[in-house]
Amino acid sequence: MDLRYKKHFLRFFNFRNNLTSSNFFLVHLLFTYFLIFPFTNSFAQDVDITAGKSLFNTNCAACHKLDKKMTGPALRHVENRLLNDEGLDKQWLYTWIRNSSAVIKSGDSYANKIYAEYNRSAMTAYPQLSDVDIENILAYTAQEKIIPVANVSVSTASAPSNNLGLSNEVILGIFSLLFFLLAIGLLLVSNTLRNFARLNDVKLIEKEKSKPIWKAFIDNQFLMLCSAILLLLVSAYGFYGWTMQLGTNQGYMPVQPIHYSHKIHAGDNQIDCNYCHSSARVSKHSGIPSLNVCMNCHKTIYEYNGEITEEYSKTFYDGEIQKLYKAVGWDDEAQEYTGVTYPVKWVRIHNLPDFAYFNHSQHVSVAGIECETCHGPVEEMEIMYQYSPLTMGWCINCHRETNVKVKDNEYYSKIHKELSKKYGVEQLTVAQMGGLECGKCHY
Amino acid sequence: MKIVYKILIIIIALFFSSCKNNEYPNYEYMPNMYESIGYDTYEENTLFENSQAALNPIEGTIPRGYSLYQYEDSNSGYELAKNNLQNPLRDDEINMTKAKELYDIYCGVCHGNKGDGQGILMKREKILGIPSYLDQGRDITEGSVYHVIYYGRNTMGSHANQLNENERWLVTSYVMKLKSDLKK
C-alpha cells in the first residue's frame, strides 16, 4: 500500500542527489515528478487503513459505528452505498463531511432526507480533514467485516479440558465412598481374623469390664461442678456474641435485579463514585442513580468487551445490559426511547435504623472522607456487599479517632481554635467537638 | 435421662449455629423501631404508576432552588445558546479548585482531565470519538458548553441531574480554561 508513496520518496531523494550532478537529469526528474504525482494521487487506491481507523475512532466513532446504527447511520461501505443507491459521488461526501449543515441548507434532497431520518441531529463539521484523511477513513469503512471464528472454537475447546468435566463435589464424593469401603473392608478383615482365632482355639485376651467413663465422671462431684460452670460460661459468651450480631448486616450481599459489577465500573474503568452517586456530595442520601445516568455511557456501550471469568461470561454481561435497556425503554436497534419503562427493584444494602440520623454530604463534602473508609474496597466487588458493621459502636469509634478537617473551612476555624485551647490539644477529634452527643444522631 | 441431655445439646447447638445466609438481611430486635413509618424515597407504592414512589416534578413546575433555562433542546436552541448565553458567575465567584474537582468526576472519564478527549474510557476503547475541546468544527463557547451539559448532545447524555446550576457554570468555566490551555 505504502509502496507507491515510497517510490515518490525515492524519486524525491534521487532528485535531491542529482541536483548537483546533472542539470538535464534534474529537469527530467522534476518533470516526471510533477507529472506523475498528481496523476497517481487522483487515482490512488493506496490509502492508509490504519490511519483511517484512528481518524475514524477520534472523529466519527462518537456517533457512527461500522455495522450498527447509532446517533448517525452505520458506515460500512458508505461510499459504495451512496454511489449505487443514491448516485452521489465522493465529492458529495467531501462537502458533507466538511460542512453538513451547508449541504442541508442548499436543499440537497438526500441530505435533508437523512437529516430528518436521524431526528434532525446535526453532524459536526470537520473542515480540518484533508482529502487524504477522508480517503483513509473511507478506506477503513470499505473493509469487509471480520467475523471472529477462531475465538469461539478456542473458548469451547478450553472450557471442559480445565477440570475434566468433574466438579469438586463429585471428586470428594468418590473419595468418601472409597474411604467408606475401606473402613468396611478393615472391619471384615478383623472379624475374619477373630473367627480364625476362635476356631483355632487361640485365647483372645479379654479386657476386664471396668466402670464406664461417663459413670465415673458423674460420680466425681467436683469435676461435675467445674464442668457445669465452664459450660455455663461458654454458653453465656456464645449467647452474648449471638445477640450482639442481631440487627447488624455486615457482609449482607443480596441478589440484585441487574448484576451491576462495581469492579468493572469503579475498578477497571475508574469511574468516580460521585459520578453515579452524585447526591452523596450534596445531600443526606447517596442515592441510587437513576437509569439516565447509566445511559450516559450505555447508549454507546451496548456490549461487554472486558475480561471474562468462568462464572460471568460475555453473554451474561451483555444480557445484563439488555435488562437495563428494557427497564429504561431504549430500543437499541432503532436508537430511540420507546417510552415504555419498568422500575428496577434494587435491593437496598446499607440500612441504618430509622432512629439513627446519618448525612452523607457532611462526611463526603465537609469531612472529605473517602467512600472506601466505610464502604470498603468497592472497586474490587463483583457483587456489592456491606463492608462495615454500621453499628453505633463503630460510628463512635471513628468519631473518637478522627481529627476534624479544618483546612479550607472557615466555619470550623474559630470554634476549633477555642476548643483546642480548652482541651489543650493540637488537633480536635470529632468526639471533642460534640460528635458523641446523643442528639447529634438520635432525635 | 440420657435422652433429655442429648436433645438439650442438639437444641443448644442449633441455637448457636444460626446458619447466617448473606443473601437475606439479619433479624432485628424491634423492627417497628428500625423501619420508617413514613414513606421512603425509593419505596414501592401502589398509588403511583409502576408502583414507583420516586416521581418526576410535575410538568411546568420548577423545584425550589432551580431556575428556568430558556433555550430549548434542539439544534436552533443550541445555536442560540452558543451565541448568546453568558456565564452569570463573576470571576471571584469561580472556585477553580472546586471546578476542577467536579470536572474530573463528571467529565474527565471521557473528555480527559486535560480536555483533549483522552479520558480513561477513550483509552480503554469503551467510548470512542470524543473530541478535544479545541475541535474546530464545534468551536465551543461558554453557552454551548452549558447547553450541552444541560441537555446532552448526540451521544453525550444530559448531566443536569448530577450537577446543579452553579456547579454547571463552574464546570463550564473550567472547560473554557482547559480550551485556552490546549491552545498553548
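**Where the two chains meet, and what lies around them**

In this predicted model, the contact between the chains draws 51 residues from chain A and 40 residues from chain B. On the side of chain A that touches chain B, four helices give two or more residues each: α3 (49-60), α12 (221-244), α14 (273-276) and α15 (291-298). Helix α15(A) holds the largest share, with five residues. As for the make-up of that side of chain A, there are 25 nonpolar residues, 22 polar ones and just four charged ones.

Stepping back to chain A as a whole, its secondary structure amounts to 21 helices and two strands. Of its 443 residues, 13% count as buried. Taking the contacts in chain A with a separation of 6 or more, 60% link residues that sit 24 or more positions apart.

One residue of chain A gives a closer look at this. A:L428 is found in the loop that runs between α20 (410-423) and α21 (438-441) of chain A. Is this loop residue buried or exposed? With 21 other C-beta atoms within 10 Å, A:L428 is buried, because the cut-off for that label is 20 or more. Setting aside the neighbours within four places in sequence, A:L428 touches A:N403, A:V404, A:H416, A:L419, A:S420, A:Y423 and A:M433. Several of these partners, including A:H416, A:L419 and A:Y423, carry numbers that fall in the range of α20. Then there is A:H399, which is 29 residues away from A:L428 in sequence, with 11 Å between the two C-alpha atoms.

Over in chain B, UniProt places a feature, "domain: Cytochrome c", at residues 94-179, in an unreviewed entry. This span is 51% helix and 0% strand, and its end C-alpha atoms lie 17 Å apart.

Also in chain B, helix α4 (residues 96-106) packs against helix α8 (residues 165-183), with 8 Å between the axes and an angle of about 90°. An angle from 65 to 115 degrees counts as roughly perpendicular, so α4(B) and α8(B) fall into that class. On the α4(B) side, the contact is made by B:M96, B:K98, B:A99, B:K100, B:L102, B:Y103 and B:Y106. Helix α8(B) answers with B:E167, B:L170, B:V171, B:S173 and B:Y174. Sorted by class, the residues in this helix pair's contact come out as eight nonpolar, one polar and three charged.

How values were computed: Residues are numbered from 1 along each chain as its sequence is written. Chains are lettered from A and ligands numbered from 1 in the order in which they are written. This is a predicted model: local features need pLDDT of at least 70, side-chain atom pairs count only at pLDDT 80 or more; totals for chains, interfaces and linings use all residues. A residue is buried if 20 or more other C-beta atoms lie within 10 Å of its own, exposed if 12 or fewer, and partly exposed in between; C-beta atoms are placed from the backbone. Two residues are in contact if their C-beta atoms, placed from the backbone, lie within 7 Å. Axes are lines fitted to C-alpha atoms, for helices over the stretch in contact, and angles run from 0 to 180 degrees between N-to-C directions. Angles under 35 degrees count as roughly parallel, over 145 as roughly antiparallel, 65 to 115 as roughly perpendicular and the rest as oblique. Ala, Val, Leu, Ile, Met, Phe, Trp, Tyr, Cys and Pro count as nonpolar, Asp, Glu, Lys and Arg as charged, and the others, Gly among them, as polar. UniProt positions are given in the numbering used here, feature names are shortened, and annotations may be inferred rather than shown by experiment.
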